[in-house]
Amino acid sequence: MTNNTPPAPIVVGTDGSSASGPAVRFALQESQLRGSGLRAVCAYDFTTRYSGFEWPAASGFVDLDTQLRDATVEAVTKALEEAREQVGGAPVEVEISVEKGRPSQVLLDASQDACLLVVGSRGSGAWGRLTLGSTSTEVVHHAHLPVVVVPGGQPGRPS
């Protein structure tokens, strides 16, 4: 009897920054080894937390939330392309998911059907550095599946 069900995907948390690169590369390699797909997930929550309104522009109103989402998708896509070049190997089907919300909850929700959740050890932005490891800590404590926390690169050492 043959099981034609594709393997469950691997979910990786990323914001498209170089700090999330080691986690993305690890998840990509693991997807190749398992023959599974990869779901790159990024959460954002700028507008409700910091602005709460649309910013005026020369041609009317610009939806800051849409701009932030589009910029995030672009950054994550570029980071995935770079990781693919660095890792090489077999092609992996990749899905990019950019969702509004608290990062740990977005990752937990996105991993409901996954076999593995991969996160970095810290955020990359100024806010991420202030809350070192808060997302990875919360994910580890609340996940329903195995979680891998990949440490970031160290100065003078390749990531």
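**View 1. The largest nonpolar core of the predicted model.** In this predicted model, the largest nonpolar core holds 19 residues, and those with the most contacts inside it are Ile10, Val12, Ala27, Leu28, Leu38, Leu80 and Val118. At least two residues of this core come from each of strand 1 (10-13), helix 1 (21-34), strand 2 (38-44), helix 3 (64-87) and strand 6 (116-120). In soluble globular proteins, nonpolar side chains tend to be buried together.

**View 2. The surroundings of Leu38.** When its neighbours within four places in sequence are left aside, Leu38 is in contact with Ile10, Val12, Ala27, Leu28, Ser31, Leu80, Val92, Glu93, Val94 and Glu95. Among these partners of Leu38, Ile10, Val12, Ala27, Leu28 and Leu80 are also listed with the residues that have the most contacts inside the largest core.

**View 3. A second core.** Separate from the largest core, a second core of 12 residues includes Val11, Leu108, Ala110 and Leu117. Leu117 also takes part in the view of the sheet, where Leu117 stands opposite Val147 in strand 7.

**View 4. The open sheet of five strands.** The strands of this open sheet follow the order 5-2-1-6-7, and their pairing is parallel. Strand 5 (94-100) and strand 7 (147-150) stand at the edges with a single partner strand each, so one side of each is left without a neighbour in the sheet. On average, and with direction ignored, neighbouring strands of this sheet are turned by 20° against each other. At one of the pairings, strand 6 and strand 7 run parallel and are joined by four bridges.

**View 5. Helices lying across the strands.** Helix 3 lies across strand 2 and strand 5, and the angle at which helix 3 runs to strand 5 is about 150°. Helix 6, which spans residues 134-142, lies across strand 6 and strand 7 and runs at about 160° to strand 7.

**View 6. The chain as a whole.** The chain has six helices and seven strands, and from the N terminus on its elements run β-α-β-α-β-β-α-β-α-β-α-α-β. Of the 159 residues in the chain, 36% are buried, while the accessible surface of the chain comes to about 9400 Å², with 54% of that surface belonging to carbon and sulfur atoms. Among contacts in the chain between residues at least 6 apart in sequence, 78% join residues that are at least 24 apart.

Notes. Residues are numbered from 1 along each chain as its sequence is written. This is a predicted model: local features need pLDDT of at least 70, side-chain atom pairs count only at pLDDT 80 or more; totals for chains, interfaces and linings use all residues. Side-chain values use heavy atoms; hydrogens and water are left out. A nonpolar core is a set of buried Ala, Val, Leu, Ile, Met, Phe, Trp, Tyr and Cys residues joined through side-chain atoms within 4.5 Å. Buried means under 20% relative accessible area, exposed over 50%, partly exposed in between (1.4 Å probe, protein chains only). Contact means heavy atoms within 4.5 Å. Accessible areas come from the Shrake-Rupley method with a 1.4 Å probe; for residues, only the protein chains shown count as cover. Two strands pair if DSSP finds at least two bridges between them. Axes are lines fitted to C-alpha atoms, for helices over the stretch in contact, and angles run from 0 to 180 degrees between N-to-C directions.
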